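Welcome! Open the structure in your viewer, keep the selection tool handy, and let's take a walk through it together.

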Amino acid sequence: MGHEVRYRVRGGRQLHGTVFIQGAKNAVLPMIGASLMAAKGRTVLRNVPIIEDVRRAVELARAIGARAELHETERTLVIDASSLDTPVLPADIASRFRGSFLFVPALLHRLGEAIIEGVGGCNLGSRNLDFHYNGFKRMGATVTEHVADNGDGIIHIKAGDLRGGTLYCDTPSHTGTENLIMAAAMAHGTTLIKNAALEPEVLDNIAILQAMGARISGGGTGFITVDGVDELTAVEHTVMPDRIDAGVFVMAAAITGGDLNLVGATLEHLGVAADKLEQMGVEFHQQGAVLQVRRDRTLRPINVITDEYPGFATDLQSPIMALSCLAEGPSYIYERIFDGRFKLAAELGKMGAHIEVDGNRAKVNGPRALRGAEVEAHDLRCGSALVLAGLAAEGETTITSAYYLDRGHAHTAERLSQLGAEIVREAD
Ligand SMILES: CC(=O)N[C@H]1[C@@H](OP(=O)(O)OP(=O)(O)OC[C@H]2O[C@@H](n3ccc(=O)[nH]c3=O)[C@H](O)[C@@H]2O)O[C@H](CO)[C@@H](O)[C@@H]1O
Ligand SMILES: C=C(OP(=O)(O)O)C(=O)O
């Protein structure tokens, strides 16, 4: 990891003001993968979130031979992938973020193979990649695994000549859909992908690929058709706003009883989460590109079932668990996407919450007054949920292992401080 990151939060301040929603982590990562498919020119990505996953993606792009410059102040990433020189995604970088696997289609098209020494991402229980592998195989690739001297598994995918076919996801996998679209974009012939993911980030990735010259139709319907083309060209594209970042700021307003203007947030992108938050007592008002949000009534308890878009996003499940600790009665949460995403419950317990976990179901017994404690961010959204809990707790909360939070949220302490929170980030 390099260094230990901590956040210290002193709770009890209502948040007020205007905050800018960052570009979407889960949109920019596949776009970096897409930009590596262009053999000529420079791709310019704007509204890039300055998060650790993007820094890792830049390192990984450089490790395979691309020239990548991240202009942090301008939130702009420039990628020149004209000379990729190795198909190896090295473990020391690739195993630190999930998005590394989105580099595979470009390596298959450009170098004929991809060697994956590790895939990272939050540890949320089992996170399989079989839909990706099966899709690549149906297109003519071979996938083999061997064990390196140090015991790590290494995946070798050899493309041969990728050709279109009928592919499917057993469940609508987010990165699975993106990888199969990118693999099909420069394959010979036509590909049909059934049970494709509907997430807005998938559609934004289709938009950049179309601008690059890819022939893709059916985005947002569950059935995507791709007619392969010979080459893709570098383009300029602005990354969509991050709906999970927006959801966390909605809940920051809700948990402190404040009111915020979220610049760039779209209510529609919150899907069912918007309805659940309204049921809890949050008020929304969309004014063009600004989403106004406030909560000045008692928080009501809630039932949440996570689901693919437009269902309740699993990445907002941890934040709403923190919020529901303050609700006037028991809330019920059923996590359907990941089988290990409740480590937060024990951390909130250290702050005074009373949460009963049974497999993938949790009962949050509200209302409980939260008090500051030392807690650990076990994954990215666990980290953002603990920040929320800290904002509402009496006294000081210290969040350790907070590199995870920095994986996905940019300038957390600065943005919250501007809204009136007492929060600092420490790294050593
Ligand atoms: C970089 C990125 O975009 N990450 C997001 C993406 O992760 P990611 O794309 O990894 O999530 P998926 O949609 O693929 O996974 C959802 C579920 O499907 C299962 N599965 C997935 C693929 C596969 O080949 N086989 C399989 O069984 C997984 O184990 C998991 O239980 O979507 C998740 C679900 O919305 C989000 O939480 C992550 O923030
Ligand atoms: C699970 C997440 O990300 P990743 O897929 O990148 O690990 C997340 O963003 O909460």
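Start by selecting Asp315 together with ligand 1. In this predicted model, a side-chain N or O atom of Asp315 lies 2.6 Å from an oxygen atom of the ligand. Now add Ser173: an N or O atom of its side chain is also 2.6 Å from an oxygen atom of ligand 1. Next, pick Ile337. Which part of Ile337 should you look at, backbone or side chain? Look at the backbone, where an N or O atom sits 2.6 Å from an oxygen atom of ligand 1.

How much of ligand 1 does the protein bury? On its own the ligand exposes 730 Å², and the protein buries 89% of that. If you turn on a surface view, you are looking at the largest pocket, whose space ligand 1 takes up.

**The shell around the ligand**

Widen your selection to the surroundings of ligand 1, which consist of 19 residues. Asp130 and Thr175 are among the closest. By class, this shell holds nine polar, six charged and four nonpolar residues.

Now show the helices. Helix 1 (25-35), helix 5 (130-138) and helix 6 (174-185) are the elements that each give two or more residues to the shell. Helix 5 has the largest share, with three residues.

Try coloring by domain: residues 5-22 and 241-427 for domain 1, and 25-228 for domain 2. Why does ligand 1 lie between the two domains? Both of them give residues to its shell, so the ligand lies between them.

**Three stops along the backbone**

Leave the ligand and select Tyr309 and Pro310. The peptide bond from Tyr309 to Pro310 is cis, with omega near 5°. You will find Pro310 in the loop between strand 18 (303-305) and helix 10 (317-324).

Move on to Gly366 and Pro367, which are joined by a cis peptide bond with omega about -5°. Pro367 belongs to the loop between strand 21 (361-365) and strand 22 (374-376).

For the last stop, select Arg75 in the loop between strand 4 (67-71) and strand 5 (76-80). Check its phi angle: the value is near 50°, which is positive in a residue other than glycine.

Terms used. Residues numbered from 1 in each chain as written. Chains lettered and ligands numbered in written order. Predicted model: local features only at pLDDT ≥ 70, side-chain atom pairs only at ≥ 80, totals over all residues. Heavy atoms only, no water. Near = heavy atom within 4 Å. Polar contact = N/O pair within 3.5 Å; in protein donor to acceptor, adjacent residues only side chain to side chain. Areas by Shrake-Rupley, 256 points an atom, 1.4 Å probe, with all protein chains shown as cover. 1 Å grid on protein atoms, 1.4 Å probe; cavity = no way out; pocket = protein on both sides within 12 Å on 5 of 7 lines; lining within 4 Å. Sits in = over half its atoms within 2 Å of the grid points. Helix = DSSP H or I, 4+ residues; strand = E, 2+ residues; numbered from the N terminus. Nonpolar A, V, L, I, M, F, W, Y, C, P; charged D, E, K, R; others polar. Domains from an automatic or database assignment.
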